[in-house]
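Let's take a relaxed walk through a protein model, starting with one residue and working outwards. Have a look at the sequence and the structure before reading on.

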Amino acid sequence: MAILSDLGTEILVPACAIVGIVFSVVQWILVSRVKLSPERHSLSNSSKNGTAEYLIEEEEGLNDHSVVHKCAEIQNAISEGATSFLYTEYQYVGIFMVAFAILIFVFLGSVEGFSTKSQPCSYNKGEMCKPALANAIFSTISFLLGGLTSLLSGFLGMKIATYANARTTLEARKGVGKAFITAFRSGAVMGFLLAANGLLVLYIAINLFKIYYGDDWEGLFEAITGYGLGGSSIALFGRVGGGIYTKAADVGADLVGKVERGIPEDDPRNPAVIADNVGDNVGDIAGMGADLFGSYAESSCAALVVSSISSFGINHDMTAMFYPLIISSIGILVCLITTLFATDFFEIKAVKEIEPALKKQLIISTILMTAGIAFVSWIALPSSFTIFNFGSQKVVKNWQLFLCVGAGLWAGLIIGFVTEYYTSNTYSPVQDVADSCRTGAATNVIFGLALGYKSVIIPIFAIAVSIFVSFSFAAMYGIAVAALGMLSTIATGLAIDAYGPISDNAGGIAEMAGMSHRIRERTDALDAAGNTTAAIGKGFAIGSAALVSLALFGAFVSRAAISTVDVLTPKVFIGLLVGAMLPYWFSAMTMKSVGSAALKMVEEVRRQFNTIPGLMEGTAKPDYATCVKISTDASIKEMIPPGALVMLTPLIVGTLLGVETLAGVLAGSLVSGVQIAISASNTGGAWDNAKKYIEVGI
C-alpha cells in the first residue's frame with residue numbers, strides 16, 4: 001500500500017490547484033499596481049538599486065502625462081484587436097466542437113447499436129462494464145470540457161498579456177529590472193492559471209463521473225480521454241489560426257515599413273503595426289497556451305487509461321491511480337517556489353542578466369521537481385505493482401517509475417538548453433547566421449536552414465533515450481508519465497514563454513508612444529531574451545507532444561488489438577510513407593496561407609502609404625483597423641483546411657484501409673513531424689535573433 005491515504009490524495013490535488021490559482025491572482029494584483037494613468041510618485045521612494053527613483057523619473061521624463069496616455073491608448077487598441085480575433089475564431093471553433101462532439105457520440109454509441117445494457121469489459125472480460133451509450137455520452141461531455149478549458153486558458157492568457165504589455169513599457173523607464181519583473185509576473189499569471197485550471201477541471205470531472213461509474217474504473221477513465229482530445233483539437237486551431245495571423249501581420253509590417261520605406265520597426269506611421277502586435281498575443285500567447293494545455297491533458301489522460309487496466313485500477317488503489325495528477329500538483333508548488341527566485345529573491349540590475357535569469361528558472365524548477373517526483377513516487381506508489389503491457393501485466397517497482405518521470409523531465413531541460421544554444425545571439429550559431437548576411441540574403445537563408453536541421457540532433461537523442469528508459473521500465477505507462485514529467489514544470493515553462501510576446505509588445509508600445517532611445521534599448525534586450533524563451537517553449541511543446549503521441553499510439557494499438565506493427569507488410573509501409581508526408585502537406589498549407597495573407601497585407605500597407613497624404617510625415621493617422629481585419633479574415637478562413645486534414649485523415653484511412661495502415665500513418669507522421677517542428681522552430685528563432693544582433697551592432 002502507498003503511504004499517502006486516499007483522503008490525503010483527495011485533499012492534496014485540489015488544494016495544490018487552488019494554491020496555483022491564488023498565486024496567479026496575487027501576481028496579477030502586483031502587476032496591476034503599475035498604473036496606466038498619470039500620477040505623481042512620492043519622491044521619497046528609494047528603489048532597490050539604491051538610486052532615488054525621482055532622479056530617473058526626471059531623466060526619463062517619467063511624469064510626461066502624454067506618454068502614459070499614449071501607452072494606454074495603444075494597449076487598448078492591441079487588446080481590442082486580439083479580443084475581436086479570438087471571439088471570431090471561437091465562433092468557428094465552437095461550430096467545429098459541436099460537430100465533432102456529435103461524431104464522437106455517434107461513433108462510440110453505435111459500437112453496440114446504442115445499447116443501454118451492461119457489456120463485458122474490454123480488457124477484463126470476466127467483469128461487466130457500463131453500456132456503450134453511457135461511454136458515448138460521458139466521452140462527449142469530457143471532450144467538450146477539454147475544449148472549453150483549452151479555450152479559456154488561451155483567452156485568459158491573451159487578456160493578461162494585453163493587460164501587462166504597456167505596464168512593462170512604463171516600468172522600463174525605471175530600469176530593466178522592474179520591466180523584467182512586470183513581464184515575468186504577467187507570464188506567471190498565465191502559466192499558473194493554465195496548470196491549475198487544467199488540473200482542477202480534470203479532477204472535478206473524474207469525481208463527477210465516478211458518481212455514475214462507481215467501481216467501473218476502466219469505463220470511467222476511457223470516457224475521461226475525451227478531455228485530452230478536446231484540449232488538443234482546440235490547440236490545433238488556436239495554433240494554426242494564431243500563427244497565420246501573427247506571421248501575415250509581421251511580414252506585411254516589416255516588408256513595407258522597414259525594407260521599402262526605411263522607417264523603424266513598430267513605427268506608429270506603419271498601418272500594420274497594431275496588427276503585428278496583436279499577432280504576438282493571439283499566436284504566441286493564446287496559441288501556445290492551448291497547445292501546451294493539449295499536451296498536458298493528453299498525457300494525463302493517457303497515463304490514467306493505462307493505469308485503470310493495471311493493478312492500480314484492478315485493486316481500486318486510488319492514490320496510485322492518481323499518481324499523474326499528484327505529479328502535476330507537486331509541479332505547481334515547485335514552479336511557485338521557482339518563480340519567486342526570478343521576482344523576489346534576486347533582482348536584475350543589467351541587461352546581460354536577463355537571459356541567465358530565465359535559464360536559471362529552467363534549472364531550478366528541474367532540480368526541485370526531481371526531488372518532488374522522488375517524494376511523490378515514495379508516498380503515492382506501492383513498492384511493487386503491475387502495469388498493463390500489450391495484453392500482459394508487467395511488474396514494476398516504484399523507483400523505476402520515478403526514473404521514467406525523471407527521464408522526461410531532464411530530456412525537457414536538455415531540449416530547452418539546446419534550443420537556447422541554437423537561438424540565442426550570445427552563442428556562435430546565431431552569430432554565424434548574422435555574419436553570413438554580409439554576402440546577402442541567399443547565404444543567410446542557407447545558414448539559417450542548416451542551423452535548424454543541425455539543432456534537431458541532440459533533442460531527438462534526448463527524446464529517444466527518455467523513450468527507451470521509460471518503455472523498458474514501465475511500457476506505455478512509462479512513456480505517458482515521461483511526457484507528464486516534461487510538462488510537470490508547465491507553469492514555469494509557460495511563464496518564460498509568455499514573457500517573450502509581452503516584452504515584444506512592450507518594445508512596440510515604447511516606439512509607438514515616442515519614448516526615448518534608451519527605453520527602446522531596454523525593451524529590445526527583454527525582447528531578444530524573449531525570442532529565445534519562445535523557442536524554448538516550442539521545444540518543450542514539441543518534445544512532450546512526441547512522447548504523448550507515442551503513448552496514445554500505444555493505446556490505439558492495444559485497443560485495436562494489433563499485436564505488432566510489421567513494417568515489411570505492404571499495407572503498413574504504405575501507411576508509413578503517407579504518414580511521413582502529412583507534416584509536409586500540413587506545413588505547405590499553413591505557409592501558403594501565410595504567404596497569401598501577407599500578400600494582401602503588403603498591398604494594403606503600400607496603398608495607405610501611397611494614398612494617405614501626410615502619413616510618412618507623421619501628420620496623418622494610418623487606418624490600423626483594415627490591416628487587423630485582413631489578418632483576422634485570412635487566418636479564420638485559412639485555418640479550416642489544415643485542421644480538417646489532421647482531424648479527418650485517421651477517420652478516412654482507418655475506415656477505407658483498416659487499422660494496420662492507420663498504425664503506419666500515425667507512426668510515420670509522428671517521426672516526420674517531430675523533425676520538421678524542431679528544425680523550423682529553431683531556424684525561425686535564430687533568424688529573429690540574428691536580426692536583433694545586427695541591429696544592436698555588436
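## A serine at the end of a helix

Ser 308 is buried, with a relative accessible area of 6%. Bear in mind that you're looking at a predicted model here, not an experimental one. Ser 308 belongs to helix α7, which covers residues 273-308. Who are its neighbours? Leaving aside residues up to four places away in sequence, Ser 308 touches Trp 217, Glu 218, Phe 221, Gly 313, Ile 314 and Met 321.

## Zooming out to the chain

How many helices and strands does the protein chain have? There are 21 helices and four strands. The radius of gyration of the protein chain is 25 Å, close to the 26 Å that the globule rule gives for 698 residues, so the chain is as compact as a globular protein of that length. If you drew a box around the C-alpha atoms along the principal axes, the box would be roughly 80 × 55 × 45 Å.

What about the inside and the outside? Of the 698 residues in the protein chain, 58% are buried. The accessible surface of the chain adds up to about 26800 Å², and carbon and sulfur atoms account for 67% of that surface.

Contacts tell you about the fold as well. Take the contacts in the protein chain between residues at least 6 apart in sequence: 83% of these join residues at least 24 apart. As for charge, the chain has 43 positive and 54 negative charges, and their mean positions are 1 Å apart.

## Three more helix residues

Now back to single residues. Thr 419 sits in helix α12, residues 398-423. Not counting residues up to four places away in sequence, Thr 419 touches Ala 535, Ile 536, Gly 539 and Asn 682.

Leu 449 is part of helix α14, residues 441-454. Outside the four places on either side in sequence, Leu 449 touches Thr 683 and Trp 687. The C-alpha atoms of Leu 449 and Ala 686 are separated by 9.7 Å, although these two residues are 237 residues apart along the chain.

Ala 475 is found in helix α15, residues 457-487. What's notable about its backbone? Ala 475 has a positive phi of about 50°, and yet it is not a glycine.

Are these residues buried or exposed? Buried means under 20% relative accessible area, so you can check the table for yourself.

| Residue | Relative accessible area | Class |
|---|---|---|
| Thr 419 | 3% | buried |
| Leu 449 | 35% | partly exposed |
| Ala 475 | 1% | buried |

With its 35%, Leu 449 is over the 20% cut-off for buried, so Leu 449 counts as partly exposed.

## A look at the cysteines

How many disulfides does a search of the whole structure find? The search finds zero. Cys 335 is one cysteine that is in no disulfide: the nearest cysteine sulfur, that of Cys 16, is 11 Å away. A disulfide needs two cysteine sulfur atoms within 2.5 Å, so a gap of 11 Å rules this pair out.

Where do the cysteines sit, buried or exposed? Cys 335 counts as buried, at 0% relative accessibility. Cys 301 is buried too, with a relative accessible area of 3%.

Key. Residues numbered from 1 in each chain as written. Predicted model: local features only at pLDDT ≥ 70, side-chain atom pairs only at ≥ 80, totals over all residues. Heavy atoms only, no water. Helix = DSSP H or I, 4+ residues; strand = E, 2+ residues; numbered from the N terminus. Buried < 20%, exposed > 50% of the residue type's maximum accessible area, 1.4 Å probe, protein only. Contact = heavy atoms within 4.5 Å. Rg over C-alpha atoms; globule rule 2.2 N^0.38 Å. Areas by Shrake-Rupley, 256 points an atom, 1.4 Å probe, with all protein chains shown as cover. Lys, Arg positive; Asp, Glu negative; His and termini not counted. Charge placed at Lys NZ, Arg CZ, Asp CG, Glu CD.
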